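Here's a quick briefing to read alongside the model. Grab your viewer and follow along.

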Amino acid sequence: MSEPVIKCQSVYKIFGANAESMLKEANGNVDAKTFQENGCIVGVNNASFEVSKGEMLVVMGLSGSGKSTLLRCISRLTDATGGKIFIEGQDLLNLNNKELIDLRRNKMGMVFQSFALLPHKTVLENIAFPLQIKGIKTEDSINKAMDMVKLVGLDGRENYFPRELSGGQQQRVGIARSLAVEPDIWFLDEPFSALDPLIRKEMQDEFLRLQEKLQKTIMFITHDFDEALKLADRIAIMKDGIIEQLDTPANIVLNPATEYVRKFTEEVPREKVLLIKDVMDEITSDNMGDIKVSKDEIIENVAEKILTQEKTVAVTDGKNNIVGSINPAKIINTVFGGRKNNH
Amino acid sequence: MELLKKYPKLFQWLFLLAVFFALCFAIDVPETYKFIRGQAEFVKDPNQSAFVFLGKEVRYYAFDVFWRLPPLLGWLPIWINDSLFFLMNDWMPMEFWNEDTQEYKTRPLVLQITRNLTAFMTFLIELIREILLGGLETIVAFTSWDWIDANPWAELPGLPWTIVAAGSAILAYKLGGKGLALYALLSMTYISIFGQWKPSMQTLSFILVAAPLSFIFGLGLGVAAYKSKRVEKALYPILLVMQTMPQYAVLVPALVLFGVGDHAAVIITMIVAVPPMILLTLLGLRAVPPEVIEAGRMSGCSNWQLMSKVLIPTARRDILIGVNQVIMVCFSMAVISAFIGAKGLGFNLLLALNQLNIGLALEAGLCISLIAILLDKMSLAWANKQVDYFGNLNFFQRNKNSLFFGVIVIVGILLAYFGSIYFKDGYNYLFEVPHNKGISTADFWNKGVDWIFDTFFVYIKAFNTWLIVDVLQPMRALYLRMPAVATLVLVVGAGYLIGGVRSALVVCGLTLFIALSPWWDRALVTTYMATFGVLVSCTIGFTVGTLCFQNKHSTNFMLNVCDIFQTFPSFVYLIPVMMLFGITDTSVLIAVIVYATIPATRYTIEGLRSVPAGLHDAATMSGVTKFQRLFKIEFPLAFPHMMLGLNQTIVFALFMVIIGAFIGTEDLGQYILKALSDKKGAGIGLTLGICVAFIGLIFDNLIRTWVGQRKKHLGID
């Protein structure tokens, strides 16, 4: 494996006057309550994880769980109180101001919940803004920005002002702006939370389309568990500054690590989240029918096919080799049974 | 007992009042007390006690200290004065090159700095004045008189009035559309035809220098305060005091530092106009959403880029509202600084008022108001104007206004040229209408004033006598009858009940400063006049505001009326009241009432309007009548905002009371006015100004604390 793009080691963010000395005293054992009694608020508590190239890590948590704070530590919009953060092997917290600006100008892009567009600039100027800040010639930056406008499907509106656009369109501008410098790392802070449900779904699909094309390393913040399941390669669930569980969507649904995580997974329609390979059995000698399903299919898509069979169905990998089996009872159990046990 | 538990606050207040009145009755008026006491340091009387502080002898009457505290701060004005003189005349003498005599000369540093500053200001004012009115000073400053003699073509005349009028109309059109352009054209033409062109342009040139300089300094300091907590903390008390400081009071020390004339006026105007600009800049920058700042950071902005490309453009509207404020203050100061020799409409206005020529005063006042309204509307239009996109327009479309102005300039020059041929012998009316050759309505107004006086004299006199004898004098006597200790207890007690120990201490400090100064009695007179004005203003303002709020059209109408009235420079208010009531306290009080009713009305309407629409619907669905809704829902929720209106009303009233000294009052303002013509007046003027500012700040502190708590309690922001 190559080096991870983002690497966090025991990152702490504590707000308050004497946060640093208190963190030192606590010696790695931060208890939010004792800190609060001393006038400090714990934002991020001992976060350690890695994000590898091209991966999308979704950080999920309710408001106040510290997910946005974590993102701001990694983009160094705030300075972490303790721990180490590496961006492509560079120690982020040791960068001086100039190096930090360089990093942001070339490696990072960020999308904000409230769009955060500059009200006095047109769509095109907003998108060209990071390029012009970098010192790129006006003509080149405008050309590049125009490409971005096309990428997010806003051509024809490039001379509009943000105030003349709908929320979804404004966020497209935000996305285009964050992509204009072609960053390797893409931060998205609840980008779709301020949008209507229908628009939100449309934007999620659009986002997946973009990611398939661009293959960025992504940290995506959301408070919506369904959104996390839909988009993520891996999900980190945060509560009170602590990462409760960090795993693939399937593993989180199948094996919730804590009671808190279980509560989220209860209502999740498993057939929409789990893949065949997540629930399949060993290869058996039972007589299997002629029908085969791929191990990378979502259960929902092939359930009908399997359930209409009376027999066990063979599971294949990409090269059509049989790698496992699955019988209808297992499907029924996964979809309906799993949840009953929890009640 | 149960009542006491139910309304603990009420009983605390009652107890405070009881203590206050007990003190009032317990402390007798000492026999030696006379209201018109000489100022401590000037009158010598064997009955006086004396003490020496910082080398200055302070004399005072040692009567009962519970009645009036001894003027322990009596040394302060003298000390300020001496320090100022020392700074100007003896501190840090240095060698400076003198351009005129071509040799080095020894001069104190501060004097040299202020002289250079004034020279710079004079240059700027002259520059603009010469563009508008013609002249040679600026050109001479770069060359010499000999050069002018050798090159007579350099003796350019000023711009013909036609060009200035049309130019302002084009600018108004660009900013605010046809209506504003028409207004600009009409008011400029009026000014020209009525022969006020020269003083108007003098005033305008003064404002065109003072306003941009104030803007630059205000913006710079505002940005500095935004970036550094320390700068903000250092600026905060100054900003606070300057908000309630009467503008008169700043004149006196500036007189010492910068002398007499337009340049001193510009510097004083900056001192007064910069604080609101700082406040609004700070407000605007603070209101920039944090995510926008983060977006700027993530785009890789350096600190400078973040400020110039993200923060300031995003806060554009608030900053331009600041510009509007600056312009308003400049107009107000344009009149007031006529006291220290600023030329223009303000000077004419003061002169006319002094001669009781109401007609002339009215003409000058009208002109200054017309220009003030024009610049006010133009700057507001600029603030509210959205940026447009020009990328897809061609050259002509993009520059049509500039091109049109170019045409106007040529036409104007041609007109002026033809004018010089046509009006061969007399004045060239197409170039400039001279002061005494315009149409004057002064006689008409003066006759009108005479007529009013002849016709209604009996009634006005009767009203005047009644007001003074039956209302004002008893009220004044009551205020003066308060022993200093009782007042102190009342104010500090109120502070404690409203805001706890902290508030009590602040208020106590402010009151003590006034009580220990030699002018406690005068401060009481100022307070009495302000109180009377505020009471009447609030009654009128709250009633009118509530009535107007019942109808959408009348609401908008009233807000517009408030806007226009607020634009008038404060001195203008004195003209009509002097017309009707002559030189009496009544005139001052009526001016106070008219002026202070503006914020009272405005804040009432705004407060009522800020009640959320959801609550209206909820109330209507509960089946309330109009009155129930007003008293049970709208008033309680709007009350905090209305109290802020009260705060503004107090500031406005104090301000006008001090200006009223021009008509003749017996309060602090009169002493400030006297200090203006006193050689040693700087310290006195400044101390008096601080006293007035502190009166305002006492109320400001109490009201703001209360409003803050109330808003928290109601959960509104």
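**A helix pair in chain B**

In this predicted model, B:Arg522, B:Ala523 and B:Thr526 of H22(B) meet B:Leu668, B:Gly669 and B:Tyr671 of H28(B). Sorted by class, the contact between H22(B) and H28(B) has 3 nonpolar, 2 polar and 1 charged residues. The rest of the briefing stays with chain B for a bit, then turns to where the chains touch, and ends with chain A.

**How the two helices cross**

- H22(B) covers residues 520-549 and H28(B) covers residues 668-676; their axes come within 7 Å and cross at roughly 120°.
- That crossing makes H22(B) oblique to H28(B), because angles of 65 to 115 degrees count as roughly perpendicular and only those over 145 as roughly antiparallel.

**Domains of chain B**

- The domain assignment splits out domain 1 (107-154), domain 2 (205-359) and domain 3 (519-714) in chain B.
- Between domain 1 of chain B and domain 2 of chain B, the C-alpha centres are 25 Å apart.
- These two do touch: 10 residues of domain 1 of chain B are in contact with 12 residues of domain 2 of chain B.
- On the domain 1 side of that contact in chain B, you get 6 nonpolar, 3 polar and 1 charged residues.

**A strand pair in chain B**

- S3(B) (residues 93-98) and S4(B) run antiparallel and are joined by 6 bridges.
- To find the register, look at B:Met94, which stands opposite B:Arg107 in S4(B).
- S4(B) (residues 103-108) is hardly covered, with a buried count of 0 among its 6 residues.

**Where chain B meets chain A**

- The contact takes 20 residues from chain B and 20 residues from chain A.
- On the chain B side, the elements giving two or more residues are helix H13 (290-298) and helix H14 (303-314) of chain B.
- H13(B) supplies the largest share of that side, at 6 residues.
- What is the chemistry there? The chain B residues that touch chain A divide into 9 nonpolar, 7 polar and 4 charged.

**Chain A at a glance**

- Chain A has 15 helices and 13 strands.
- Along the principal axes, the C-alpha atoms of chain A fill a box of roughly 70 × 60 × 40 Å.
- Of the 343 residues in chain A, 41% are buried.
- If you take contacts in chain A between residues at least 6 apart in sequence, 65% of them join residues at least 24 apart.

**The four-strand sheet of chain A**

- This open sheet of 4 strands in chain A has the order S2-S1-S4-S5 and antiparallel pairing.
- Why is one side of S2(A) and of S5(A) left without a neighbour in the sheet? Strand S2 (41-51) and strand S5 (90-91) of chain A stand at the edges, so each has a single partner strand.
- S4(A) (residues 82-87) and S5(A) run antiparallel, joined by 2 bridges.
- In that pairing, A:Ile87 stands opposite A:Gln90 in S5(A).
- Helix H3 (residues 67-74) of chain A lies across S1 (6-15), S2 and S4 of chain A, and runs at about 60° to S2(A).

**The three-strand sheet of chain A**

- Another open sheet in chain A has 3 strands in the order S11-S12-S13, with mixed pairing.
- Its edge strands are S11 (292-294) and S13 (322-326) of chain A, each pairing on one side only.
- From one strand to the next, the twist averages 35°.
- S12(A) (residues 313-316) pairs with S13(A) in the antiparallel sense over 4 bridges.
- Here A:Ala314 stands opposite A:Ser325 in S13(A).

**Domains of chain A**

- Chain A is divided into domain 1 (52-82 + 92-269) and domain 2 (271-342).
- The C-alpha centres of domain 1 of chain A and domain 2 of chain A are 35 Å apart.
- In the contact between them, 9 residues of domain 1 of chain A meet 8 residues of domain 2 of chain A.
- On the domain 1 side, helix H10 (249-254) and helix H11 (259-266) of chain A are the elements giving two or more residues.
- H10(A) gives the largest share of that side, 4 residues.
- By class, the domain 1 side in chain A has 7 nonpolar, no polar and 2 charged residues.

Methods: Residues numbered from 1 in each chain as written. Chains lettered and ligands numbered in written order. Predicted model: local features only at pLDDT ≥ 70, side-chain atom pairs only at ≥ 80, totals over all residues. Buried ≥ 20, exposed ≤ 12 C-beta atoms within 10 Å, placed from the backbone. Pairing = 2+ DSSP bridges. Contact = placed C-beta atoms within 7 Å. Nonpolar A, V, L, I, M, F, W, Y, C, P; charged D, E, K, R; others polar. Axes fitted to C-alpha atoms, helices over the stretch in contact; angles between N-to-C directions. Parallel < 35°, antiparallel > 145°, perpendicular 65-115°, else oblique. Domains from an automatic or database assignment.
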